[in-house]
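Here are my notes on the model you asked me to look through. Please read them with the coordinates open beside you.

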Amino acid sequence: MRRTGTTRRGALTATGALALGAVLTGCGGDDEGTGGKRPAHSGARATTAKAEKALREKAVRDGALLLAQYDLVAEAHPATAAGLVPLRAAVAEHGRALAPPRAKDAPKKDAPKGDEAPPAPPGPVSADPEAAVRELAAAERHRADGYGEALLAAGPELARLLASVAAAAAAHAYLLTELAEEAAV
């Protein structure tokens with residue numbers, strides 16, 4: 001008996017042919033409109049680079065504010081400081097990883113540019129240690145959500161980094177919630 005219909009081998013062959021056709025069509029672009037100077041999509045790359053730089057700079061500013069909040073909580077409630085130290089260190093490391101890459105001729109100092117003001121310190125810390133740590137947990141959850149949304153506008157490399165930092169921020173929020181419960185006891 002002969003088999004009728006589409007076989008697996010036939011389907012895979014057709015899919016491969018379609019994929020090859022799509023790749024060849026995409027690679028054979030028409031350069032007549034550019035006059036041989038620059039590809040038409042190079043402007044999109046420059047816009048993407050600017051958007052990614054802005055995303056990175058915002059992430060660094062947000063991280064600096066969160067570090068200041070960690071410091072304020074640790075200072076106001078020394079009993080929680082030991083639990084905050086590793087989380088604060090991770091937030092600082094995230095800031096270094098998210099910082100925009102420097103140009104080769106850029107100064108090595110972390111001096112803010114003339115038009116950039118340093119981030120404003122966070123508001124006052126709650127007098128209750130449990131509430132103060134819960135506020136930190138909320139800030140970490142907000143950070144995780146923000147990075148999750150930023151993934152849509154980021155390129156592949158930055159998206160992977162943002163996803164990792166968002167996952168870490170979510171884990172920090174969980175750990176801070178647990179720490180808040182311990183502080184309540």
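The points below go from the overall fold to helix packing, then to salt bridges and two single positions.

1. Overall make-up. The structure is a predicted model, and the remarks that follow should be read with that in mind. Its secondary structure amounts to five helices and zero strands, so that the order along the sequence reads α-α-α-α-α. Of the 185 residues in the protein, 22% are classed as buried. If one takes the contacts between residues at least 6 apart in sequence, 79% of them join residues at least 24 apart.

2. Packing of α4 with α5. How are these two helices oriented with respect to one another? Helix α4, which covers residues 129-150, packs on helix α5, which covers residues 156-184, at an angle of about 165 degrees, and the two axes lie 8 Å apart. Because that angle is over 145 degrees, α4 is described as roughly antiparallel to α5. The crossing of α4 past α5 is left-handed. The residues that make the contact between α4 and α5 comprise 18 nonpolar, three polar and six charged.

3. Packing of α3 with α4. For this pair the angle is about 20 degrees and the axes are 13 Å apart; since the angle falls under 35 degrees, α3 and α4 are roughly parallel to each other. Here, too, a left-handed crossing is found, in this case between α3 and α4. On the α3 side the contact is made by Thr80, Leu84, Val91, His94 and Leu98, while α4 contributes Pro129, Val133, Leu136, Glu140, Arg143 and Tyr147. Sorted by class, the residues in the contact of α3 with α4 are seven nonpolar, two polar and two charged.

4. Salt bridges in general. Side chains of opposite charge can pair when their charged atoms come close. The structure holds six salt bridges, and the next three points take up some of them individually.

5. Lysine 58 with aspartate 62. The side chains of lysine 58 and aspartate 62 form a salt bridge with an N to O distance of 2.7 Å. Both residues belong to helix α2, which runs over residues 42-76, and they are four residues apart, or about one turn of the helix. As to their surroundings, lysine 58 is partly exposed at a relative accessible area of 43%, and aspartate 62 is likewise partly exposed, at 30%.

6. Aspartate 71 with arginine 88. Which parts of the chain does this pair link? In the salt bridge between aspartate 71 and arginine 88, the closest N and O atoms are 2.5 Å apart. The pair links distant parts of the chain, with aspartate 71 in helix α2 and arginine 88 in helix α3, residues 78-98, at a separation of 17 residues. Aspartate 71 has a relative accessible area of 34% and is partly exposed, as is arginine 88, for which the value is 29%.

7. Glutamate 93 with arginine 96. A further salt bridge joins the side chains of glutamate 93 and arginine 96, at 2.8 Å from N to O. These two residues lie three residues apart in helix α3, which means that about one helical turn separates glutamate 93 from arginine 96. Is each partner partly exposed or exposed? Glutamate 93 is partly exposed, with a relative accessible area of 44%, whereas arginine 96 reaches 56% relative accessibility and therefore counts as exposed, the cut-off being over 50%.

8. Alanine 54. This residue sits in helix α2 and is partly exposed, with a relative accessible area of 40%. Its C-alpha atom is 8.6 Å from that of proline 100, although alanine 54 and proline 100 are 46 residues apart in sequence.

9. Glutamine 69. Is this side chain's residue buried or exposed? Glutamine 69, which is also placed in helix α2, has a relative accessible area of 17%, and because this is under 20% the residue is buried. Along the chain glutamine 69 and valine 125 are 56 residues apart, yet their C-alpha atoms are separated by 8.1 Å.

Key:
Residues numbered from 1 in each chain as written. Predicted model: local features only at pLDDT ≥ 70, side-chain atom pairs only at ≥ 80, totals over all residues. Heavy atoms only, no water. Salt bridge = Lys/Arg side-chain N within 4 Å of Asp/Glu carboxyl O. Buried < 20%, exposed > 50% of the residue type's maximum accessible area, 1.4 Å probe, protein only. Axes fitted to C-alpha atoms, helices over the stretch in contact; angles between N-to-C directions. Parallel < 35°, antiparallel > 145°, perpendicular 65-115°, else oblique. Left-handed = near helix turned anticlockwise from the far one by under 90°. Nonpolar A, V, L, I, M, F, W, Y, C, P; charged D, E, K, R; others polar. Contact = heavy atoms within 4.5 Å.
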